[in-house]
Amino acid sequence: MKFDTIIIGGGLAGLTCGISLQRHGQRCCIVSSGQSALHFSSGSFDLLNCLPDGKEVENPVEAVERLKLQAPEHPYVKLGKEKFEELAGSVVEFFSQAGVSVTGSACKNHFRITPMGTLKPTWLTLSEQVACEHGDRLPWKKVAIFNVTGFLDFYTQFIADEFHKLGTECVLREISFPALERLRKNPTEMRSVNIARVFDKRENVDELARVLKDGRGNCEAIAMPAIAGLARTDVLECLEREVGTRIALLPTLPPSVPGIRAQQQLRRAFEQAGGVYMLGDSVLRADMEGDRITKVYSYNHGNIPFVARDVVLATGSFFSQGLVALPGKVYEPVLGLDVEFVENRKEWYDMNVFAAQRYETFGVKTDNEFHGLLNGAALSNVYVAGAVLEGFDAIKQGCGAGVSILSALFVAEQILRK
Amino acid sequence: MNLQEHNVSDNNFEQCIKCTVCTVYCPVAAVNPDFPGPKQAGPDGERLRLKKNNFYDETLKYCLNCKRCEVACPSNVKIGDIIQAARIKYSEKKFKLRDFILANTDLVGTLSSPFAPVVNGVLGLRPTKAVLDSVLKIDHRRVFPKYAFGTFESWYKKNEAARQSSFPTQVSYFHGCYVNYNNPQLGKDLIKVMNALGVGVRLLDKEKCCGVALISNGFIEQAKKQAKMNIEAIRESVLAKNMPVIATSSTCAFTIRDEYPHLLSVDNADVREQVELATRYVYRLMARQGVKLKFKQNQKIRVAYHTPCHMEKLGWAYYSIELLKLIPNVELTVLDSQCCGIAGTYGFKKENYKTSQDIGESLFRQIEACDIDYVVTDCETCKWQIEMSTSKRCEHPISILAKALE
Amino acid sequence: MMKQDTAKPFDVIIIGGGATGAGTARDCSRRGLRVLLVERFDISTGATGRNHGLLHSGARYAVTDQESAKECIKENMILRRIASHCVEETDGLFLTLPEDDIAYQAKFVEACSQAGIRAEIIDPKEALRLEPSANPSLVGAVRVPDGAVDPFRLTASNIMDAKEHGATILTYHEVTELLREQNRIVGVKVLDHRTKEVKSYYASVVVNAGGIWGHNIAKLAGITINMLPAKGALLIFGHRVNNIVLNRCRKPADADILVPGDTICLIGTTSSRVPFEEVDDMRVTPEEVDLLLREGEKLSPLLARTRILRAYAGVRPLVASDDDPSGRNVSRGIVLLDHAVRDGMEGFVTITGGKLMTYRLMAEWTTDLVCKKLNVSAKCDTAEEKLPGSRESGEEVGKKIISMPKTQRNATISRHGDLAEKLARNTTTLDNSLVCECEEVSVGEVKYALNELDVHNLVDLRRRTRVGMGTCQGELCACRAAGLMSSLHKYCTRRAKEDLASFLNERWKGMAPIAWGDTLRESEYMAWVYESVCGLTLSQKQE
């Protein structure tokens with residue numbers, strides 16, 4: 001199978017890179033071993049919320065310079081301030097062309113609402129989610145918070161209490177109607193996605209609109225879990241039109257309906273641009289010639305290899321098995337690239353689960369063009385993007401999505417420049 | 001210390017980190033609340049069953065073994081295998097005549113095929129359907145595949161066997177029950193395509209039904225027996241005669257390659273790589289050796305490719321799609337990969353009819369919305385389901401290819 | 001704030017909510033005494049909840065300590081009868097591996113029969129057939145009546161029986177002072193950790209059943225008991241590898257018992273002395289993990305390929321003989337100290353030493369002594385009367401609960417025995433929704449635990465229901481349980497979030513020592529969900 005570029009990993013980084021390459025006339029194949037972490041997304045993408053020294057970031061573009069000293073291997077440092085600003089500035093348009101509509105700016109973080117009701121800084125937020133300008137108040141005085149009766153992955157009381165602290169009055173309401181009763185027969189499957197499937201049906205949207213309208217009282221906005229619009233993208237629009245009130249969809253515990261829809265939308269954009277997406281396959285090994293990978297073999301395709309000029313490794317971190325940890329070692333299992341880690345396991349962790357965990361910064365070593373290193377030497381046609389990279393802590397620094405997107409765009413540029 | 005370097009238990013259910021992705025892609029859980037869902041029925045349930053076997057729940061029978069959970073799983077957990085293996089290990093289901101009939105596709109085919117016109121007529125009659133429904137619990141709304149008058153095997157032996165052995169390169173064809181009893185034309189189409197590529201098509205010395213229906217209906221011993229016989233015949237072909245084995249049915253190919261070792265413990269490691277789908281074989285031949293097919297300048301046809309579940313699992317839809325793209329004047333749409341709901345004999349059962357049709361609904365809608373002449377797919381049961389549930393006809397990619405050849 | 005409790009005094013105050021304290025509360029209350037039990041945290045938080053959960057047959061002690069062996073087998077048979085819902089009758093095998101001396105086997109069987117323990121030499125092949133996970137290179141096997149016992153359930157059930165007989169149970173009440181009148185202890189001063197109130201309670205006798213912490217309690221009375229904290233680390237594996245307890249047929253040593261318990265199995269233990277300062281925060285070191293794995297693999301090679309869920313450690317209260325302050329001569333037997341005789345301090349008794357297996361016997365001895373002091377002649381009936389939950393067989397209970405899906409019903413009955421019926425009463429389909437999917441804990445079960453089982457936070461809930469004890473270690477269920485608790489319990493959400501944060505930290509404590517492979521993936525996923533998506537942080541706690 002001949003392609004211009006083969007991308008290993010089909011999450012945010014892989015898809016971003018793939019879409020970018022396809023748009024510039026390349027023919028790419030993405031091989032993805034299972035669905036990606038977008039399935040647990042909050043509905044927002046973070047760029048840089050916090051520096052390693054703990055200082056909060058308001059303007060990521062300005063703050064990125066300071067990473068040089070604090071985290072010299074950080075992917076953003078490799079990009080440099082100018083490139084960082086240029087790429088970050090292009091993302092809203094990039095996503096919108098792919099059918100994913102987001103708002104936000106790289107020069108000023110805004111705030112998203114968490115499932116706990118708190119406000120957390122972020123970069124881009126999907127249009128149907130709420131992007132708040134300020135971190136200490138909500139844009140409403142009074143909100144009606146709805147939840148589906150018996151839906152355990154959304155906590156109205158938590159949210160209401162936090163909203164109160166932010167000066168917003170709340171009333172709590174329940175959504176309960178017959179189309180959902182059937183789901184309830186199953187003790188586990190009252191999940192966000194299955195509820196969303198119910199609301200993908202027109203007649204149920206109308207019914208939901210009635211419930212919301214009846215219950216909203218004199219509230220200026222309605223907040224409800226993000227359980228609307230899995231297959232359809234216009235559910236929220238329909239609801240808002242029918243109810244006549246701004247409706248804020250708040251993230252739930254996994255699975256994340258907005259995240260899944262974003263993933264599906266990006267995949268569709270990639271495929272519509274002519275890309276080939278192979279799900280549920282794993283790359284097993286590669287043939288090398290000098291400093292190049294010539295062929296890549298996968299589980300499903302056995303003796304028919306993928307042949308491509310360039311290879312992008314975007315396999316994710318530990319969760320996605322882009323990195324594998326053994327008791328005294330961390331390695332990259334697909335191509336065996338060099339990985340930055342410390343051997344002593346005691347140093348991997350902080351015993352406080354909410355403190356920075358050092359293992360989060362482990363990852364694949366690259367040069368400044370994001371070529372992967374093998375035994376210390378850069379491979380000329382192998383690029384690395386996304387969470388598998390070394391040098392950053394996606395959780396503490398709030399930069400996971402940003403690293404994925406920007407490194408993927410940068411890698412695509414490098415490939416296209418050849 | 002390397003003690004824990006591979007801390008992955010048998011059937012790897014502990015790699016599940018409860019991310020819930022599988023529950024998003026289960027076609028059954030989405031429509032039938034009686035099914036516990038892949039996470040619960042699979043890795044979560046397995047842990048409980050290992051504690052005590054009374055945690056086995058008969059509702060696992062609602063799993064249609066589409067393996068879409070496995071394709072979606074970011075942890076490589078063999079969720080479908082875990083569920084099917086649990087059914088094999090723990091189910092104490094009693095023998096049902098209905099399941100026996102549905103499972104023994106080759107036996108029933110052998111009995112029906114000589115009387116095809118009669119059988120087809122009778123199966124289509126309302127009174128027959130009423131009896132099937134009430135006595136056997138085979139849903140009366142189901143349209144049965146037609147039996148052919150005379151089997152593919154007998155046709156082949158009479159008309160083709162000698163000619164095919166004269167080709168310098170030869171492959172063995174695992175035709176499966178469907179081609180043999182219902183649609184010999186597909187077998188003939190395959191011969192046409194392969195011959196055009198300079199390859200002769202032989203049959204295995206002895207072919208039994210791949211056993212997929214036996215497995216899903218719980219006739220495991222019989223399935224094992226047939227699997228062993230098939231693997232013996234495949235070994236004879238691949239190892240002794242140096243002839244790889246190709247199939248036109250994605251489910252037969254998948255069953256022989258993956259279900260034999262995973263569910264029946266029938267080892268196929270020495271021949272697995274040599275069992276593949278016809279479209280993959282053709283693709284490779286054309287890609288690697290530059291062999292070209294000569295096409296007629298046909299009238300333009302519009303087709304939509306449907307990816308069967310087992311094709312999704314194999315990851316081989318690519319080959320069928322690429323072949324279709326080669327045919328001049330074929331306008332191809334690729335449908336969203338989703339389950340049609342039939343899953344072999346699953347949809348024939350009265351208790352599953354609604355689930356089956358509910359699962360397929362979204363696919364049917366997409367098909368009806370397309371302006372196409374045919375749906376194209378590699379799976380015969382998907383074909384039945386699509387033809388029964390939509391207004392479109394459904395063809396195998398090899399048949400489309402054959403029709404386009406000069 | 002200081003509050004004087006003016007209610008009528010109790011006959012006996014028991015300090016400590018482990019198995020021994022709970023058993024003593026049960027025994028005393030059944031003999032008609034007015035009982036108060038105070039516990040500084042939750043029940044079974046000390047050594048009771050941090051051991052193998054092995055229902056010893058006594059075989060392990062037969063060669064080295066006949067007295068303990070005899071006590072064990074006797075109590076073993078009693079617990080099978082009175083606590084059937086806490087016990088799994090798995091049997092045990094003592095394996096002789098090629099590196100072990102096979103001659104020990106004969107000595108072992110002889111000692112077992114002397115102690116009255118059925119010990120049957122079986123063919124190694126038969127042993128492998130019975131327990132396919134056992135090391136296939138074994139050269140000898142002896143079958144004994146070992147089993148598994150769930151210490152959380154056992155303790156909770158004793159507490160429940162005590163309450164049924166009028167006992168007052170106060171968890172999260174820490175004894176800060178022993179109230180003294182001349183040479184007599186007359187009561188306790190306690191700090192209520194939840195309300196921060198200080199209260200005093202009076203009784204004729206105060207029983208110190210504080211386990212290793214009993215050392216400090218005795219100090220409050222100015223009495224020294226020479227206790228030696230002995231740390232024992234264990235590993236919990238993700239599922240049941242074995243269904244029969246596996247032991248090594250040799251002199252007891254480190255990591256030579258593999259016990260199947262509920263959905264998991266666990267290997268232990270190590271043994272090391274630790275200073276008193278550490279007993280409140282036991283952590284398992286990488287070296288201990290390595291040792292447990294190395295030795296565990298010898299019992300069952302499958303362990304090398306099985307995911308570890310967590311590591312934890314408990315502290316045994318070893319007591320040095322009074323005439324040996326060096327601590328070299330320790331007893332693992334039951335130590336009942338009447339401080340009136342030993343130290344001239346009236347109204348104060350310490351019960352310590354012993355083991356989970358003999359908790360009932362320890363309670364019986366203690367209650368006998370208390371009764372003697374109070375001139376009560378009632379006889380002990382705790383060996384005959386069944387505990388709540390064990391009064392009806394699981395099959396019978398199952399027939400009465402039809403409203404629950406099958407797996408959920410089995411799980412609930414296995415946890416609550418005949419009390420599952422009460423739990424299932426008046427439940428709706430809403431209550432059947434699962435909070436914890438790994439362990440099949442429903443909304444209904446959580447509600448029951450909150451209403452009936454003295455649950456004050458998520459960790460308490462875990463001990464009563466196994467919420468968060470499954471493969472995901474709370475990743476999915478902790479948040480659901482917290483949400484549910486805040487909506488049912490009506491405690492403020494700030495506390496619910498704090499509680500959630502400390503629950504996750506408690507889970508992490510057990511995961512960190514073995515956080516590689518899938519456990520590290522799970523940890524990363526957990527951090528994404530709770531920190532990144534939910535925005536839960538430490539500051540939640542500091543607010």
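Two strands count as paired if DSSP finds at least two bridges between them. The exercises below apply this to a predicted model, which scores ipTM 0.96 and pTM 0.94.

**Exercise 1.** Give the strand order of the open four-strand sheet in chain B, and name its edge strands.

*Solution.* Step 1: the order is E6-E5-E7-E8 in chain B, and the pairing is parallel. Step 2: look for strands that pair on one side only; in chain B these are strand E6 (330-334) and strand E8 (393-395), the edge strands. Step 3: from one strand to the next, the twist averages 35°.

**Exercise 2.** Describe how strand E7 of chain B pairs with E8(B).

*Solution.* Step 1: strand E7 of chain B covers residues 374-376, and its pairing with E8(B) is parallel. Step 2: the two strands are joined over three bridges; the pairing criterion asks for at least two. Step 3: to place the register, take B:Val376, which stands opposite B:Glu395 in E8(B).

**Exercise 3.** Analyse the side of chain C that touches chain A.

*Solution.* Step 1: check the confidence of chain C; its mean pLDDT is 92, with 95% of its residues at 70 or more. Step 2: count the residues in the contact, which takes 42 from chain C and 37 from chain A. Step 3: list the elements of chain C that give two or more residues to this side: helix H14 (429-432), strand E23 (434-436), helix H17 (477-489), helix H18 (493-511) and helix H19 (517-533). Step 4: find the main contributor; H19(C) gives the most, with eleven residues. Step 5: sort the side of chain C by class, which yields 21 nonpolar, 14 polar and seven charged residues.

Notes
Residues are numbered from 1 along each chain as its sequence is written. Chains are lettered from A and ligands numbered from 1 in the order in which they are written. This is a predicted model: local features need pLDDT of at least 70, side-chain atom pairs count only at pLDDT 80 or more; totals for chains, interfaces and linings use all residues. Axes are lines fitted to C-alpha atoms, for helices over the stretch in contact, and angles run from 0 to 180 degrees between N-to-C directions. pLDDT is the predictor's confidence in each residue, from 0 to 100. Two residues are in contact if their C-beta atoms, placed from the backbone, lie within 7 Å. Ala, Val, Leu, Ile, Met, Phe, Trp, Tyr, Cys and Pro count as nonpolar, Asp, Glu, Lys and Arg as charged, and the others, Gly among them, as polar.
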